[in-house]
Amino acid sequence: MTDTVPGGPLSGVLVADFSRILAGPYATMLLADLGADVVKVEGPGGDDTRSWTPPARGEVSTYYLGVNRGKRSIALDLRDEDDAAVARELARRADVLVENFRPGGLAKYGLDYAAASAGNPGLVYASISGFGSGAGARVPGYDLMVQAMSGLMSLTGEPDGPPYRAGISVFDVMAGNHAVIGVLAALRHREATGRGQHVEVNLMSSALTGLVNQSSAYVAGGVVPYRMGNAHPSVFPYEPLPTADHDLIVAAANDGQFRKLCEVLGIPEIADDPRFARNADRTERREELRPILVERLVLRPADEWFALLVEAGVPSGPINTIDGGFAAAERFGLDPVVVVGEGERAVPTTRHPIRFSETPAGYALPPPELDEHGTELRKWLEGGHG
């Protein structure tokens, strides 16, 4: 069933989307879900991710489809003065402009913040870069680089193995979310003052704040963390443990949960053992405690333990593949898949993650074909009003 909702909490907000790849398009897709009118400006060759295959749905990259619903596309060659003039007119009319060119890269087209805000003082102008607009401006900003340079890869993998990247471009997604937060805050400020502003987000800063407890270990504690496989540096048990068939995540993160875990495993006396009384004790003596827990866990398969532990209030879960993740979300009533568009253009996509009781997200427009809305948008923008 197609989820089509008129309006939305951002209804009436025009977003000029000069971004490509992931962080920017993800941010503008979230804004589109919430009702914003997002105009995706692409070069004549289109967003790079259109050709990032496999996998594909038909001839279109599923990567592109995953972050571009809800938008209208216009292809503009900014090196052509007529096209650049159309782009500047879009910026003049927009409430929000999102771009992820290399810092300063839009200045030659009259589309940098100084030029755009001069013609549109209420514009919220969001820039996403890899390493900021200062000394890091010259460095290209791809997520894999930031995973490496921020320290995340040093935390990912087995202790005696090589560093690994995360399975997704985690800091692109994080920076996209930070961009949305910045845009919404700036719109609130504009509502109060009438003034727009420049919102700057960079992947490196998103990474360092997103490393949370690991960042704090260094900044506040002077400790440089290192990879521990699937173990947690400060909590045990909080990792996969073997059962009779598959590994099971067990996350008994406080004393009460640990006591319940021991009761379910049939070893209640372990919760009273002074060696394991507090989380700090369990973490320090994890190598003593792990085989005691595993000795019981290997007596039943993972699904049986999962049911018993959840019933007892102990956080746990199987290690799924992506299809299993969607199946679990379905069982939990989260309705993770929605259909965007209609007829031959209908595309299944993941549901917007935020639920609103009054103004739910909408899914009217499928990811656009290159320049699909170019004729209507040019006519509107070249009309000289709006």
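**Figure 1. Overview of the protein chain, a predicted model.** Of the 386 residues, 45% count as buried. The model is predicted, not experimental. Its secondary structure comes to 14 helices and 13 strands. Along the principal axes, the C-alpha trace spans about 80 × 50 × 40 Å. Take contacts between residues at least 6 apart in sequence: 67% of them join residues at least 24 apart.

**Figure 2. Surface and charge of the protein chain.** About 19,300 Å² of the chain is exposed. Carbon and sulfur atoms supply 55% of that area. The charged side chains number 35 positive and 50 negative. The centres of these two sets lie 4 Å apart.

**Figure 3. The open sheet β9-β10-β11.** Three strands make up this sheet, in the order β9-β10-β11. Their pairing is antiparallel. Strands β9 and β11 (316–318) stand at the edges, and each has a single partner strand. One side of each is therefore left without a neighbour in the sheet. From one strand to the next, the twist averages 25°. In a regular strand, side chains alternate between the two faces of the sheet.

**Figure 4. The hairpin from β9 to β10.** Strand β9 covers residues 238–242, and strand β10 covers residues 247–251. The two run antiparallel and are joined by 5 bridges. A hairpin of 4 residues connects β9 to β10. P242 has D247, in β10, as its bridge partner.

**Figure 5. The cis peptide bond before P237.** The bond runs from F236 to P237. Its omega is near -5°. P237 sits in the loop between α8 (212–219) and β9. Strand β9, residues 238–242, is the one bridged to β10.

**Figure 6. The cis peptide bond between P54 and P55.** Two prolines, P54 and P55, share this bond. Omega is about -5°. P55 lies in the loop between β2 (37–42) and β3 (56–57).

**Figure 7. D48, in the loop between β2 and β3.** Is D48 buried, exposed or partly exposed? With a relative accessibility of 38%, D48 counts as partly exposed. The class applies because 38% falls between the cut-offs of 20% for buried and 50% for exposed. The loop between β2 and β3 also holds P55. I168 is 120 residues from D48 along the chain. The C-alpha atoms of D48 and I168 are separated by 17 Å.

**Figure 8. V212, a residue with positive phi in helix α8.** Phi of V212 is near 35°. The value is positive, in a residue other than glycine. V212 belongs to helix α8. This helix, residues 212–219, precedes the loop that holds P237.

**Figure 9. D335, a residue with positive phi in a loop.** Which elements flank D335? The loop that contains D335 lies between α13 (322–331) and β12 (337–340). Phi of D335 is near 45°. Here too the value is positive in a residue other than glycine. D335 is partly exposed, and its relative accessible area is 37%.

Methods:
Residues are numbered from 1 along each chain as its sequence is written. This is a predicted model: local features need pLDDT of at least 70, side-chain atom pairs count only at pLDDT 80 or more; totals for chains, interfaces and linings use all residues. Side-chain values use heavy atoms; hydrogens and water are left out. Two strands pair if DSSP finds at least two bridges between them. Buried means under 20% relative accessible area, exposed over 50%, partly exposed in between (1.4 Å probe, protein chains only). Contact means heavy atoms within 4.5 Å. Accessible areas come from the Shrake-Rupley method with a 1.4 Å probe; for residues, only the protein chains shown count as cover. Lys and Arg count as positive and Asp and Glu as negative; His and the chain ends are not counted. The place of a charge is taken as NZ of Lys, CZ of Arg, CG of Asp or CD of Glu. Axes are lines fitted to C-alpha atoms, for helices over the stretch in contact, and angles run from 0 to 180 degrees between N-to-C directions.
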